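Welcome to a short set of exercises with worked solutions. Have your viewer ready and try each task before reading on.

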Amino acid sequence: MAQHDEAVLPQEHRTTTVEQGRFCVARCICGWRGPARRARSLARTDAEGHAARG
């Protein structure tokens, strides 16, 4: 079962991290998707950076 970590950010940028096998990917409801990462913390950092630019 995949684990989901969710972060509520500014209105149009709500991100989640999704585990896919050995990797974790950050996604946003606006359609953005970060690179596959082995470390959840890096995927979360990608999501935070996306929200800050949005």
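Two exercises follow, about one residue and then its helix.

This is a predicted model in which local features need pLDDT of at least 70 and side-chain atom pairs count only at pLDDT 80 or more, while totals for chains, interfaces and linings use all residues. Residues are numbered from 1 along each chain as its sequence is written, and side-chain values use heavy atoms, leaving out hydrogens and water.

**Exercise 1.** Find out whether Asp46 is buried or exposed, and which side chain it joins in a polar contact.

*Solution.*
- Step 1: Locate Asp46 in helix α1, residues 40–53 (helices are DSSP runs of H or I, at least four residues; strands are runs of E, at least two).
- Step 2: Asp46 has 16% relative accessibility, so it counts as buried (under 20% relative accessible area; exposed is over 50%, partly exposed in between, with a 1.4 Å probe and protein chains only).
- Step 3: The side chains of Asp46 and Arg37 share a polar contact of 2.9 Å (a pair of N or O atoms within 3.5 Å, one able to donate a hydrogen and the other to accept it; residues adjacent in sequence count only if both atoms are side-chain atoms).

**Exercise 2.** Work out how the buried residues of α1 are arranged around its axis.

*Solution.*
- Step 1: List the buried residues of α1: Ala43, Asp46, Ala47, His50 and Ala51.
- Step 2: Looking down the axis, these fall within an arc of 130°, so they line one face of the helix (the arc uses directions from the helix axis to the C-beta atoms).
- Step 3: Turn to the face away from the buried side, which carries the exposed residues Glu48, Ala52 and Arg53.
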